[in-house]
Every structure is written in C-alpha cells, then in structure tokens.
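The following exercises concern a single protein chain. Each sets a task and then works through the solution step by step.

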Amino acid sequence: QVLLVESGGGLVQPGGSLRLSCAASGSIFSIDVVGWYRQVPGKQRDLVATINSAGRPTYLDSVKGRFTISRDNAKNTHDLQMNSLEPEDTAVYYCHAAVRSGRGMSSRNYWGQGTQVTVSS
C-alpha cells in the first residue's frame, strides 16, 4: 500500500503564490509519472501538470508560465509552485503518483486526499 500526503494550499489573493507538496510513502520500488490535478464542484478532475521519471514536465495550457512542477526522486516527493494565481485557479488540488511496488510489477495509480486552493480578494 502507498500513501500520498499533501501539504500547502489555502487562501491567497490574486497575483499571489502558493506551493503544494506531496510525499509518497509505503511499498515503493519506483515511481513513474507524478502530477497534480484539480477539481471544482460539478466538474471533472483536470490535469494541471505532470512530470515523468526523467524530469520532463507537461502543463495545462492555462497554467504555463505560472506553475512549475518538480520532483525529488530520492525523497519520493513532488511539488507544485503556483505563481500569479488567478481566481480561476480556485479548486481542490490532488496529487497523483504512478507507483511500482516491486521489480517487474505494473504501476498503480495513487491519489492524495486533496487540498483546497482559494484565490480571492
């Protein structure tokens, strides 16, 4: 079993910054892609950013140039630095990790518990 624990989030004014962190623990052999998703009530969960094991990131178009995803493979953590936040970024943010629990095993998807980000004046 693997547990993802998120930290960060909260209330920030438009134009402000927040940093989200996600730490994975448990039965971990290796971690493939990790990422951050967000969801507002009544809508589907959308991908915000991902980064693969080689460190290659991808971003939702609306956050490019404002958000930066990073990972520390030694610590099994990944972060999302969010700058120039806009009210439209308000959502519950979930971290994700595709984790292999043993050599030769397929990866399984795990999710954090979610953290609220509210951008408002």
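## Exercise 1. Overall architecture

The protein has zero helices and eleven strands, where helices (H or I, at least four residues) and strands (E, at least two) are DSSP runs numbered from the N terminus. The model is a predicted one, in which local features need pLDDT of at least 70, side-chain atom pairs count only at pLDDT 80 or more, and totals for chains, interfaces and linings use all residues. Residues are numbered from 1 along each chain as its sequence is written, and side-chain values use heavy atoms, with hydrogens and water left out.

**Task.** Determine how the radius of gyration of the protein relates to the globule rule.

**Solution.**
1. Read from the N terminus, the order of elements is β-β-β-β-β-β-β-β-β-β-β.
2. The radius of gyration is 14 Å, close to the 14 Å from the globule rule for 121 residues, so the protein is as compact as a globular protein of that length. The radius is taken over C-alpha atoms, and the rule is 2.2 Å times the number of residues to the power 0.38.
3. Along the principal axes, the C-alpha atoms fill a box of roughly 50 × 25 × 25 Å.

## Exercise 2. Burial and contacts

**Task.** State what percentage of the residues of the protein count as buried, and what share of its contacts with a separation of 6 or more comes from residues 24 or more positions apart.

**Solution.**
1. Buried means under 20% relative accessible area, exposed over 50%, and partly exposed in between (1.4 Å probe, protein chains only).
2. Of the 121 residues, 37% count as buried.
3. A contact means heavy atoms within 4.5 Å. Among contacts with a separation of 6 or more, 56% come from residues 24 or more positions apart.

## Exercise 3. The aromatic pair

**Task.** Classify the geometry of the pair formed by Tyr37 and Trp111, and locate both residues in the chain.

**Solution.**
1. Rings of Phe, Tyr and Trp (its six-membered ring) pair if their centres lie within 6.5 Å; planes under 30 degrees apart count as stacked, over 60 as edge-to-face and the rest as tilted.
2. By this rule there is one aromatic pair. Tyr37 and Trp111 form this edge-to-face pair, with 4.9 Å centre to centre and 70° between the planes.
3. The pair links distant parts of the chain, 74 residues apart: Tyr37 is in strand β4 (residues 30-39) and Trp111 is in strand β10 (residues 108-111).
4. Tyr37 is buried at 17% relative accessible area, whereas Trp111 is partly exposed at 36%.

## Exercise 4. The C-terminal strand and the loop before it

**Task.** For Gly112, Thr115 and Thr118, establish the location, the degree of burial and the contacts, leaving aside residues up to four places away in sequence.

**Solution.**
1. Gly112 occupies the loop between β10 and β11 and counts as buried at 11% relative accessibility. Gly112 touches Leu4, Glu6, Tyr94 and Cys95. Its C-alpha atom is separated by 9.7 Å from that of Ser7, 105 residues apart along the chain.
2. Thr115 belongs to strand β11 (residues 115-119) and is buried, with a relative accessible area of 12%. The residues touched by Thr115 are Glu6, Gly8, Gly9, Leu20, Ala91, Val92 and Tyr93.
3. Thr118 is also placed in strand β11, but is partly exposed at 25%. Thr118 is in contact with Gly10, Leu11, Val12 and Thr90. The C-alpha atoms of Thr118 and Glu86, 32 residues apart along the chain, are separated by 9.2 Å.
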